[in-house]
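Me: Please take a close look at the aromatic rings for me, one step at a time. I am in my first year, so please explain each term when it comes up.

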Amino acid sequence: MIRQDFARIDPKRRSNVDFRKKQFATPTYHNLEYKHRLNFYTVPPTADITLEQFEQWAIDRLRVLAELEACSFRNRSPTETAAHMKPLLDKYLPLSSSSSNSPSLQAERQKDHYSHFILRLAFASTEDLRRRFSRVETALFRLRFQADDVRERMSFVEGLSLDWEVVTEDEKREFGEELKAAGGGYPKRIEEESYFKVDWERVPELVESRRVFLRGGRAYVPGREQASMVVAEFTAKLDRALELTSRALPRLDEDDRLTPILTHLSNNFTTPDASYPTTTAPIPGAEITARNIDTLSASFPLCMQNLHRSLRRDAHLKHYGRLQYTLFLKGIGLNLEECLLFWRQGFKKITDDTFNKEYRYNVRHAYGDVGGDSNRRGNGYSAFSCQKILTEHPPGPGESHGCPYRHFSVDNLTALLQQVGVKDQEVLRGVKEDKEKQKFHLACNRVFEYAHKQEIKKVKDDGTWGANQLETIVHPNEYFKRSYLLKNLGKGQDGAEPVTHDVKMED
Ligand code: SF4
């Protein structure tokens, strides 16, 4: 939902907007007709949409892009990526072919078109964001291009009017040997293939893998490599457009409805944000009680295992650690009474009196049992997402909250992983590399996949879990729920609710 203050326009500010600075000064507001499923996004959208659509469409696309990026970081092959992404694309960003005659065809294409432009605004601000956005948008385009109906794809490419120069028959004969050599001996007869000439910079992939003949700064590209050319063209156009957008961005600061949404979206690109309901339905068959937490902690992500271990070692946790852990425990289904019992027993070096005076109130507050305004949902705060843990309140000396993948040194992280049973050298090496690249939640997912390797294989082979139930984890509570269900397969859990999370704007 859009926050009320997003939707409210301060009349004073709006009237002060300098008309000369309006980015789309004389727009012609109309709905576009989308002839093709694929889109080069050269024409900006001009029809009206609601703020809710603006936000929701962008979030849906962001979710797809984040997952696509995760596939690339995990070195999934193109076939694996396509299989993994299909259910997600069908759910969040479906695009039917023209021949399907689907009644939602135009609406789907409109959502795709608008969401691309919204995210373009959100990710144009820094070079790093622009580069990442261009890379994942290109990956998405490539995926769709390859999956497109052959005839529709041809008609789309023809409509692009790209200035590729056709290589004449004479030229083909003149450079026949070189062309064949670049194609690894293919084609046998040079007449069987058509070639285009383009500036070599437009097909870097082909040049890099030496799949084209180069002469005078021009690359001779065989017809079968058309996909690479189209994709390279897509990237080049997008990169140019992102540069232009970044220059126009300051004007958007004057729009107090969009700026907060765009800022939130670009923050979400660090780690996709996921909020978890403040209270969750208990996992069927799981006994979530104070005395079971020690056992259940085997299914906790490393951040919560670290808090649990610190609590057991020191019989104490500092304020922010208690808050992070309490909200997590509440999220897994521990009720207030049990949670108070858990903390009371955990802080075993202090008296009942001290506990009641200094700690009891905060636990009740987290559950929404006491507290005023800030506790506005009535049932307390939501459990922290990975994004929140990774980016807010880094732990200081003597504090145990945060995310070990981010906040620990490599040596301490490795030692902690070994203590919790991750001894595989390849996994530890992978985690170290993820950490160096600042892909902390991917390190966490790597460990999850390692710790549940057999179970994941089983649910995939059985077909009991779909790919969207194995999406990249971006929330500690989701980690627990998925881990618990996988570790208890065959104990009446298989039919449990699929593991999902809702990405939405946090208050
Ligand atoms: Fe916890 Fe998220 Fe870090 Fe994993 S990535 S340890 S779930 S904060």
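**The aromatic rings**

Reply: Lys-330 sits over the face of Tyr-367, 5.5 Å from the ring centre, where a charge counts as over a ring if NZ of Lys or CZ of Arg is within 6 Å of the ring centre and within 35 degrees of the ring normal. In a similar way, Arg-153 is placed over the face of Phe-145, at 5.1 Å from the ring centre. This is a predicted model, in which local features need pLDDT of at least 70 and side-chain atom pairs count only at pLDDT 80 or more, while totals for chains, interfaces and linings use all residues. Residues are numbered from 1 along each chain as its sequence is written, and side-chain values use heavy atoms, with hydrogens and water left out.

Turning to rings that meet other rings, the structure holds 27 aromatic pairs; rings of Phe, Tyr and Trp (its six-membered ring) pair if their centres lie within 6.5 Å, and planes under 30 degrees apart count as stacked, over 60 as edge-to-face and the rest as tilted. One of them joins Phe-347 and Tyr-359, and because the planes stand at 80°, with the centres 4.8 Å apart, this pair is edge-to-face. Phe-347 belongs to the loop between helix 16 (336-346) and helix 17 (352-358), and Tyr-359 to the loop between helix 17 and helix 18 (360-366), so the pair ties together parts that are 12 residues apart in sequence; helices here are DSSP runs of H or I with at least four residues, numbered from the N terminus. Phe-347 has a relative accessibility of 1% and therefore counts as buried, and Tyr-359, at 12%, counts as buried too, since the word means under 20% relative accessible area, with exposed over 50% and partly exposed in between (1.4 Å probe, protein chains only).

Phe-448 and Tyr-479 also make an edge-to-face pair, with 4.9 Å from centre to centre and 75° between the planes. Because Phe-448 lies in helix 23 (residues 440-451) and Tyr-479 in helix 25 (residues 476-487), this pair ties together parts that are 31 residues apart in sequence. Both Phe-448 and Tyr-479 are buried.

Finally, rings can gather into a wider group: Phe-347 and Tyr-359 belong to one aromatic cluster, whose members also include Phe-300, Tyr-325, Phe-328, Phe-342, Trp-343, Phe-355, Phe-480 and Tyr-484.

Key:
Helix = DSSP H or I, 4+ residues; strand = E, 2+ residues; numbered from the N terminus.
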